[in-house]
Amino acid sequence: MANVAEPAETAIDRSEWTITSTCRRCRAAWNLAPSVIGTAADGKAFFRRQPETEEELMESWRALVACPTGSIKAPHGLPIPNDVFPQVLAESLWRLGYNDNSSAGAHPFFIRAKSGLNFMVDGPRFVPKLVKFIEEEGGLHHVLLTHRDDVGSAAKYAEHFGARLWIHENDRAAAPEATDILTGYEISEPVPGCTVIPIPGHTIGSVAFLIDEKLFPGDSLGWELAQSQLWTNPIFCWDDWPMQARALRRLQAFRFDYVCSGHNYSIGFPADRMKAELDKALDFFDTLTWSPPTHLPTGEAIPAARIQERDRRVAKVRADFFATLARESA
Ligand SMILES: [Fe+2]
């Protein structure tokens, strides 16, 4: 067999922390290590400076482990700590790390609910480290998918632990192994202690899950570090931004003190501060403009037939969703 050229990253300086050109711009590293990692003009992550403190070093390791493309390199010979992930975010709430490339690097979470049930929200890579952690926490009862983009290896965890796998009917094609399909747009509690709030828009099957006052809105809402505000960028809205902006107003009826975001920073505030942040963000969202995407994030044009099919499905969802809202307010 002919020799295969060594990957370019083997030629990089391994005396310090670096990020190779294979970065896919998922922003996971920036979210996890904002003190040392920045985002370049082309959207790729880079080390603004080397980590100095213990916390900065741990942030860098988290970025390395979470990176879905393995683009982050530690200094040669530096031993990896044993406790990089899962990362405790709040009591009984963890960020799992090991972000899956098939989910474009979305952050997955685990919560040990007061109900006694254990939930995974969105799917990491399937790795022994997380399997062992979940075993030690008493297993896994439900895997919740916020929408079609952030599925990752969720089905493998569900199968391994005999857990139920949930997704909304509008995005179900992304998780054919799902055992439980959420239907319609009513707010519901299909599992004790887990409120399901359909928020179609980012995708037509997007839902937010609320468990023990922790909110999991997928890619529909998160904290934007650069602006220091709750935020979701309409550039990354695939199906219907006006519907997403309206749907997010449903969250105003709920109390929560943590937002666990798929592709943005996750943040905790006392519930009153969180409510104020949400109110401010929602008013801002109403001022933003949006056009239905004609190209994939890769730059590739979406075929006209697919755009027509998307627009047809979105129109149906919009009609049904707003009819649900009208019934709620009647
Ligand atoms: Fe998404």
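How many Å separate the centres of domain 1 and domain 2, taken over C-alpha atoms? In this predicted model, the figure comes out at 24 Å. Domain 1 covers residues 13-73 of the protein chain, and domain 2 covers residues 87-285. Where the two touch, domain 1 puts in 11 residues and domain 2 puts in 13. On the domain 1 side, helix 1 (28-32) and helix 2 (54-66) each chip in with at least two residues. Helix 2 gives the most to that side, with 3 residues. Sorted by class, the domain 1 side of the contact has 6 nonpolar residues, along with 2 polar and 3 charged ones.

Next comes a sheet. It is an open one, built from 6 strands in the order 12-13-14-15-18-19, and its pairing is mixed. Strand 12 (188-191) and strand 19 (267-268) sit at the edges with a single partner strand each, so one side of each has no neighbour in the sheet. At the strand 12 edge, the partner is strand 13 (residues 194-198): the two run antiparallel and are joined by 2 bridges. V191 has its bridge partner in strand 13, namely C194.

Then there is helix 5 (residues 241-248), which is mostly covered, with 7 of its 8 residues buried. The buried ones are W241, M243, Q244, A245, R246, A247 and L248. What does the covering? Among the elements lying over these buried residues are helix 6 (271-285) and helix 7 (304-329).

Notes: Residues numbered from 1 in each chain as written. Predicted model: local features only at pLDDT ≥ 70, side-chain atom pairs only at ≥ 80, totals over all residues. Buried ≥ 20, exposed ≤ 12 C-beta atoms within 10 Å, placed from the backbone. Helix = DSSP H or I, 4+ residues; strand = E, 2+ residues; numbered from the N terminus. Contact = placed C-beta atoms within 7 Å. Domains from an automatic or database assignment. Nonpolar A, V, L, I, M, F, W, Y, C, P; charged D, E, K, R; others polar. Pairing = 2+ DSSP bridges.
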